[in-house]
Each structure stands twice: as structure tokens, then as C-alpha cells.
Amino acid sequence: MYDCFVGRDQEVVPKRARQLRNLLCDLGPSFIKAGQVLANRPDIIREDYMNELCILQDDVPPFPNQVAFDIIEEELGQPLEAIFSKISPQTIAAASLGQVYRATLRDTGEDVAIKVQRPEIEPIIYRDLFLFRNLASFLNGISLQKLGCNAELIVDEFGEKLLEELDYTLEARNIEDFLENFKDDPTVKIPDVYKQLSGPRVLVMEWIDGVRCTNPQAIRAAGIDVNGFLTVGVSAALRQLLEFGLFHGDPHPGNVFAMRDGRIGYVDFGNVAVLSQQNKQILIDAVVHAVNEDYVEMANDFTRLGFLAPGTDVSPIVPALEAIWQNSLGKGLSDFNFRSVTGKFNELVYNYPIRIPERFSLVIRSLLTQEGICFTLQPDFKFLEVAYPYVAKRLLTDPNPALRERLIQVLFKDGVFQWKRLENLIVLAKENVSMMSNNPALQAKEMQGLRELQVSKKLDLTDTIKDGARLFIFDEGIRRKLILALTEDSKLHIEELVDVYRLVEDQIDIPTVAVEVARDFPSFVRDVMLSWSESVLTDR
């Protein structure tokens with residue numbers, strides 16, 4: 001306030017930001033965690049302070065080793081020597097709530113990572129949350145008026161996530177959920193968890209023998225295919241967000257590993273977020289609306305996702321959204337990046353009553369952090385050149401009825417079938433299949449004899465063809481639109497149909513499709529009879 005009064009606020013910002021970071025470190029774990037959260041809240045804090053607070057994600061002073069070893073023995077009920085044949089004399093990593101050691105299990109000789117919680121941290125956290133909540137109550141009127149956000153709600157969301165991170169048994173369950181989600185994905189490495197050696201304050205996991213993304217030179221020196229690694233990383237992130245609805249909330253470079261066979265490895269699952277099925281569908285809607293350049297619906301998506309209060313007039317926001325998106329794509333998809341969009345979005349947040357829900361602040365942080373890793377390892381990496389093909393493949397191949405509906409929205413604009421969009425989707429989806437099937441991580445697994453991975457080398461449109469045929473027969477509206485598309489301008493559009501077939505002919509196994517159709521024939525006939533009988537009864 002004094003700096004602003006004397007007119008030198010801009011020149012001392014770097015100094016004040018460093019002072020704030022150091023102050024938070026001195027105040028303890030809750031304040032460090034609060035700083036980490038603020039580092040990803042553009043709706044609350046300005047960008048120059050955000051950049052300084054990002055340092056808290058990697059550089060926190062550790063607590064003494066002997067204290068950590070005493071906690072391990074107390075939690076496991078045995079001396080260290082009885083469980084581990086050796087343990088690292090120094091911490092491998094230190095964070096706001098705990099720190100990590102490397103050890104070897106005495107019984108099996110396996111290398112493990114031991115995560116130990118800071119001593120006496122729980123009462124400190126509860127005390128600090130009480131202070132935060134009272135301060136939020138005091139400032140709530142100002143925050144609502146000046147920032148358009150509810151300070152009490154932000155503290156409650158922060159406190160809920162922080163208390164979850166205090167219980168390492170929850171983190172163990174998160175790891176098990178990630179293991180289940182990626183069990184059939186040969187490009188992703190999730191560490192096994194030793195639940196019998198874990199408790200609320202100690203977590204023992206499989207040691208990840210990879211190269212941290214904090215060390216780009218080491219990744220290149222290890223001979224890892226950087227482009228292939230980044231491709232599987234983006235695909236894994238999108239699967240977490242749009243497919244599983246369970247995603248890693250803190251994938252900073254210290255928590256992400258490049259495995260020597262090209263896979264991506266994750267650690268630290270204390271901070272994860274869950275997206276409901278509805279939110280996943282709305283996010284896909286937002287992608288569809290962006291493709292269709294439907295900015296009114298994009299603004300409505302903001303309301304549905306909780307960025308805007310119900311009943312908010314979105315009409316002033318529509319031109320701003322259009323300007324942001326058009327400017328971001330001004331030079332084409334290859335030059336698009338999330339950081340530039342987020343910078344423009346920050347301005348939107350300050351000018352309109354937008355509040356970023358906690359779960360989506362994690363989504364934004366996750367995307368920004370992973371894009372940052374991409375640019376650090378390969379400055380010319382094009383994030384959307386991997387992301388768009390993944391989304392295209394999901395839209396074309398996922399049998400989920402909600403995604404089928406979104407595919408129809410993409411293919412029809414103002415009631416007119418978009419042949420070019422269908423061709424583009426197929427081309428992009430084939431790119432995704434090609435990128436993944438030629439990935440070094442997948443090829444390494446195939447060399448180990450995992451034959452089932454051969455399936456992913458083609459774009460499987462069998463279910464899409466069957467669902468499309470059903471839709472054509474049973475949905476009168478779609479049937480009329482497709483017939484109009486084929487006979488538009490009083491001529492048969494056979495050429496467009498042939499172009500589409502040429503794109504997919506090398507991807508379709510006709511005998512397999514025939515077998516699938518034959519297998520579904522009885523249910524198909526039943527549906528035809530039911531539809532016919534229903535129409536007869538309706539006519540009467």
C-alpha cells in the first residue's frame with residue numbers, strides 16, 4: 001500500500017514477491033501450502049507474485065532426519081533396521097507437508113520411496129485454518145466487491161484439500177485408483193504402494209527409477225525420445241481429465257519422470273482432484289463449442305462449470321471470449337499455448353464476476369505445468385497437435401452416448417452436415433493412432449511379447465459404424481439431414497462420400513465389421529420391430 005502511495009509499486013514488485021515467499025516459509029506448512037495454491041489462482045493474485053510463489057512447489061527446507069526416522073518407527077511399530085536394509089542419509093525431496101527418502105526393503109531387496117509427514121503438523125494446520133477462516137470472514141465483503149469471489153468459500157475449499165493431504169492412507173487409495181485406471185496403458189508408470197508398510201503419516205511406494213523432468217539435460221543424455229515422451233504425457237493428462245475424471249493435481253517437474261523406455265511416470269498423489277461425469281461432459285461440450293466457434297454456448301459452459309453464478313448475464317462476456325480465442329488461434333493451432341490464453345483469461349477474471357472453483361484451478365495448474373514441461377524439454381513442441389488428435393479419436397470411437405451426441409453436434413452446423421469436419425476428425429484421429437502406435441514406449445512393450453497391444457495400430461471404427469447405421473435407421477431427424485447432405489444443391493454428393501471412405505478404408509477390417517454386424521443382427525431386428533410397433537400404435 002505504501003509502495004502504491006509513493007508511486008513505486010511496479011519497480012519493487014520482484015522484491016515484495018520474494019519477501020512474501022520467504023515470509024510464508026517462516027510461518028510454516030499451512031502458509032507454504034496457501035502460497036502454492038495462490039500460485040495457481042489468477043483470479044486472486046497478480047501474475048508476477050504467482051511466478052515467485054511457484055518456487056514454493058520445489059524448494060522447501062527439510063526437517064531433521066532423526067525426527068523423520070522416529071516417526072517411521074512409531075508409525076510402523078518396528079525399528080528401521082527390521083524393515084529396511086538401507087535408507088538414504090539425506091532427503092530426496094522436501095515439501096510443505098512431508099519429505100521423501102530412498103530405502104531398500106530387507107525382505108525382498110526392492111528399492112522403495114518413503115514419504116514421511118512433518119512432525120506435529122496436524123494441530124498447526126487446524127490452528128492456521130481457524131485463522132484463515134476468521135480472516136476470510138473479515139475480508140469477505142471486500143473480496144466479493146473487488147474480486148467477485150467468496151473468500152470464505154475459497155478458504156473452505158483450500159482447507160478441505162489440505163486436510164485430505166494430511167492422511168497418507170487416502171493417498172495410498174489414490175495411487176490404487178491411478179493403477180486401476182492405467183492398468184492397460186503401457187505408456188504410463190504408476191508406482192505400486194506397500195499398504196502393509198504405510199499409515200496416516202508414512203507412505204511406502206515403489207521407487208521410480210527414471211529421470212525427473214527438473215533435469216532436461218539428463219533426459220536427453222539418457223537417449224530418451226523427447227517427442228515420444230511428451231506425446232504420451234499429453235495423452236495421459238487428457239485421459240485423466242476427460243476419460244477418468246481423476247487427475248493429478250500437482251504434476252510439477254519434480255513429480256513427473258521420464259522413464260528410460262519412453263514411458264511417463266508420476267509420483268505424489270496427495271493432491272488429486274475428481275471431476276464428475278457431468279463436468280467431464282461439459283468440458284467436452286466446451287471443446288465442441290470452441291471447434292464450432294459458438295461463443296454464446298462457451299459462455300454458458302462457464303456458468304455450468306461454476307465459474308459464473310447461476311443467472312449471470314453472459315452477454316458481456318461473449319465478445320471477450322471470442323477475442324481471446326480468435327487471438328490465440330490467430331497464427332493457427334500450431335502456435336496456440338495455454339499460458340497465453342491464461343494470461344488473457346486473467347484479465348477477463350478481473351473485469352467480470354468470474355470465480356475459479358478449486359477443482360478447476362487444479363485443472364488449469366495441471367495443464368499449465370505440463371505445458372511448461374513440454375516447452376522446457378522441447379521449445380517448439382505443439383501441445384494442441386497432440387491434444388486435438390486425442391479428442392478427435394475420443395469423439396469418433398468412444399461408444400459413450402454422451403460423446404456420440406457431441407460428435408453429432410460437431411458434424412452438424414445449423415442443420416447442415418459438415419463433410420470437411422468429418423474428414424478432419426478422421427485425419428486427426430489417425431494421427432493419434434499413428435503417434436501412439438509408433439511411440440518408443442509402446443514398441444518396447446511389444447518387443448517384450450505383449451501381443452494385445454497390436455490392436456491399437458488401427459483406428460477402430462466398428463462401433464461407430466454400427467451406431468451410425470442404427471441412428472440413420474431409427475432417428476428420423478438425423479436420417480433427413482443425412483439425405484439432404486447427400487443430395488444438397490440437387491445433386492448426389494458421392495465425391496464427398498468417396499473421400500471419406502478413402503480415409504478409412506485402410507483402417508476398417510471388413511470381415512470383423514461383418515461379424516460384429518451379424519452378432520448384433522437379432523437385437524437390431526428386435527429394435528426395428530419395436531420401432532415399427534410403436535409407430536403403428538401412435539398412428540392409432
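This report looks at charged pairs, a surface patch, cysteines and two unusual backbone angles in one structure. The model is predicted.

**Salt bridges**

The structure holds 21 salt bridges. Three of them are set out here.

| Pair | Closest N to O distance | Relative accessible area |
|---|---|---|
| Asp128 and Arg127 | 3.0 Å | Asp128 0%; Arg127 46% |
| Arg133 and Glu152 | 3.3 Å | Arg133 29%; Glu152 22% |
| Arg263 and Asp261 | 2.9 Å | Arg263 15%; Asp261 24% |

Take Asp128 and Arg127. Asp128 is buried, because its relative accessible area of 0% is under 20%. Its partner Arg127 is partly exposed.

Next come Arg133 and Glu152, whose side chains meet in a salt bridge. Arg133 sits in helix α7, while Glu152 sits in helix α8, which spans residues 151-166. The two parts are 19 residues apart in sequence, so this pair ties them together. Arg133 counts as partly exposed, and Glu152 is partly exposed too.

In the third pair, Arg263 is buried at 15%. Asp261 is partly exposed at 24%.

**Arg406 and its network**

Which residues are linked with Arg406 in a network of salt bridges? They are Asp285, Asp301 and Arg304.

Arg406 lies in helix α18, which covers residues 401-411. Is Arg406 buried or exposed? Its relative accessible area is 8%, and buried means under 20%, so Arg406 is buried.

The side chain of Arg406 also makes a polar contact with the side chain of Asp285, at 2.4 Å. Asp285 therefore appears both in this polar contact and in the salt-bridge network. Leave aside the neighbours of Arg406 within four places in sequence. Arg406 is then in contact with Gln281, Ile284, Asp285, Val288 and Leu395.

**A nonpolar patch**

Now turn to the surface. Leu135, Phe138, Leu139 and Ile142 form a nonpolar patch there. Together they have about 420 Å² of accessible area. Leu135 is found in helix α7, residues 121-146. Leu135 has 47% relative accessibility. That value falls between 20% and 50%, so Leu135 counts as partly exposed.

**Cysteines**

A disulfide is a covalent bond between the sulfur atoms of two cysteines. How many disulfides does the structure hold? The count is zero.

Cys213 is in no disulfide. Its nearest cysteine sulfur belongs to Cys374 and is 9.0 Å away. A disulfide needs sulfur atoms within 2.5 Å, so this pair does not qualify. Cys213 counts as buried, at 5% relative accessibility. Cys25, in turn, is partly exposed, with a relative accessible area of 22%.

**Two positive phi angles**

Two residues deserve a look for their backbone angles. Phi of Glu120 is near 50°, a positive value in a residue other than glycine. Glu120 is found in the loop between β4 (111-117) and α7. At 63% relative accessibility, over the 50% cut-off, Glu120 counts as exposed.

Asp268 is not a glycine either, yet its phi is positive, at about 65°. Where does Asp268 lie? Its place is the loop between β10 (264-266) and β11 (272-274). Asp268 is partly exposed, with a relative accessible area of 24%.

Notes. Residues are numbered from 1 along each chain as its sequence is written. This is a predicted model: local features need pLDDT of at least 70, side-chain atom pairs count only at pLDDT 80 or more; totals for chains, interfaces and linings use all residues. Side-chain values use heavy atoms; hydrogens and water are left out. Helices (H or I, at least four residues) and strands (E, at least two) are DSSP runs, numbered from the N terminus. Buried means under 20% relative accessible area, exposed over 50%, partly exposed in between (1.4 Å probe, protein chains only). A polar contact is a pair of N or O atoms within 3.5 Å; within protein, one must be able to donate a hydrogen and the other to accept it, and residues adjacent in sequence count only if both atoms are side-chain atoms. Contact means heavy atoms within 4.5 Å. Patches are made of residues with over 30% relative accessible area and no salt bridge: like charges are joined within 9 Å, nonpolar side chains (Val, Leu, Ile, Met, Phe, Trp, Tyr) within 5 Å. Accessible areas come from the Shrake-Rupley method with a 1.4 Å probe; for residues, only the protein chains shown count as cover. A salt bridge is a side-chain nitrogen of Lys or Arg within 4 Å of a carboxyl oxygen of Asp or Glu.
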